[in-house]
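The exercises below are meant to be worked through with the sequence and the coordinates open side by side. Try each task before reading its solution.

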Amino acid sequence: MRARIAAAALVAALAGCASTAERDPRDPFEPLNRGIYRFNDTVDQAIAQPVARTYRRVVPGEIRDRVRNFFGNIGDFFIGVNNFLQGKFEDGVSDWARVAFNTTVGLFGIHDIASDMGYEKHNEDFGQTFGRWGAGPGPYLVLPLLGSSDLRDGIGTGIDIYADPLGEVRPYHLQYGLWALRFTQLRADLLDASRILEEASLDKYVFQRDAYLQRRRSLVYDGHPPREKDLDDKGADDDNDKKPR
Amino acid sequence: MTTTRSLASAALLAVLASLPAVRAQDVPPDQLVKTVTLEVVELIAKDKEIQSGNRAKLVQLIDAKVLPHFNFSAMTALALGQSWNRATPEQKKRLTEEFRTLLVRTYASALAAYSEQKFDFRPLRAKPTDTDVTVQVRVLQAGAQPVPIDYSMEKTSSGWKVYDVMVGGVSLVANYRTEFNNVVRESGIDGLIKNLSTKNRSLEAPAAPAAKK
């Protein structure tokens, strides 16, 4: 009960600091999102970043490559599923070929021999599949601990995590250990990017949000998104905006 | 025998000397991106000081090798969108300078994080008459999806110039637009200039021992 009152107070406080600036139509929950963003940032600076830095300092690059490959291989199976769901059968077959080669010859995925064979790694998830099926992103959301998302991708991420093969691992303490290792590896890989974000932006929240929305849009269309009207005021190109694709 | 050969090479030299030097505007955009990228990466690989973290020297290198191929006033204009037209010439100049400083530092950070990834220079898909093209490069890394870097380039009288860079589908210029417009709405164009220069100066003094953590 007390927790619920505290939560209500938190929401009210966050809503109270609704800034004077006009609300961005893509981000109707900005005050709440900013609150969660600050929370995430605090956790990141207090725990995730120090752990990731230590990991990167202590563990040799060669081993980190093996760890990245191992979790990458686990991800490839559902990347393939999502390619099939999006009708990209050739890519899906290629993803499953990656799993087949990397799990066997690549010793449980620690060696990415499939990339050397020409089976390129793809980036797919359920959020992208919904996007491909026509779902728009919906409002931008910052999820606790997970960070930047939107309504569509938030639902997608839920399914991604639920479907993840890591969830099958027993005993539980092994499973939790693997999740922790996976996030540490991921955070370590993003250390440079987050430092650049820090240096490049005037308002980190806005910069990260806009980058996330652009990035996801690009991923849904596999790098070839149709031109967006308001992102292109470059006079001469305006007639291109009217073309359907 | 030797005489004929040296005669021939002398003739060749004469012909070469009489040819007009290849001018910058004649270098095709994809060739330009490839040459500059490989040259910069090689210079960094050879430079011990840059590798041990000498940021000033890296910025110098970028200034000399990379910047001449960027059109910063076009980038600033695109990042500001409609506010650009309301700025005075003096404001435009200041904005361009500050934005340029910020971008160079960001670029230096990105380059400093570079560690021997391989590049895949994609063939240019454009007609010879095009004056606005996208040059695509992919950065390959083991166990991860390649990162596409797209350079939007425009043909000018002084050669091809980059006016936007897209990394992994994120346009740098578009990504600054909301940020810049928020600041302009709250404190005007002078506010944005002040904001940018404060940001730039805060990043200039990382050597100060008090620079937290």
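**Exercise 1.** In which loop of chain A does A:Leu107 lie? Then examine its backbone and its surroundings, and do likewise for A:Phe108.

Solution. The model is a predicted one. Begin with the location: A:Leu107 lies in the loop between α4 (89-104) and α5 (113-116) of chain A, and A:Phe108 belongs to the loop between α4 and α5 as well. Next, turn to the backbone, where A:Leu107 has a positive phi of about 50 degrees although it is not a glycine, while A:Phe108, also not a glycine, has a positive phi near 55 degrees. Finally, consider the surroundings: A:Leu107 counts as partly exposed because it has 14 C-beta neighbours inside 10 Å, and A:Phe108 counts as partly exposed because it has 13.

**Exercise 2.** Which residues does the cis peptide bond join, and where is A:Pro171 placed?

Solution. The bond joins A:Arg170 and A:Pro171, with an omega of about -5 degrees. On the chain, A:Pro171 falls in the loop between α7 (151-163) and α8 (172-189) of chain A.

**Exercise 3.** Describe the largest nonpolar core, and follow the contacts of B:Met75.

Solution. The largest nonpolar core has 34 residues, and those with the most contacts inside it include B:Met75, B:Phe99 and B:Val173. Among the elements of chain B that give two or more residues to this core are α5 (72-80), β3 (147-156) and α8 (172-204), and α8(B) supplies the largest share, 11 residues. Leaving aside neighbours within four places in sequence, B:Met75 is in contact with B:Phe70, B:Phe99, B:Tyr163, B:Asp164 and B:Val173.

Note on methods:
Residues are numbered from 1 along each chain as its sequence is written. Chains are lettered from A and ligands numbered from 1 in the order in which they are written. This is a predicted model: local features need pLDDT of at least 70, side-chain atom pairs count only at pLDDT 80 or more; totals for chains, interfaces and linings use all residues. Helices (H or I, at least four residues) and strands (E, at least two) are DSSP runs, numbered from the N terminus. A residue is buried if 20 or more other C-beta atoms lie within 10 Å of its own, exposed if 12 or fewer, and partly exposed in between; C-beta atoms are placed from the backbone. A nonpolar core is a set of buried Ala, Val, Leu, Ile, Met, Phe, Trp, Tyr and Cys residues joined through C-beta atoms within 7 Å. Two residues are in contact if their C-beta atoms, placed from the backbone, lie within 7 Å.
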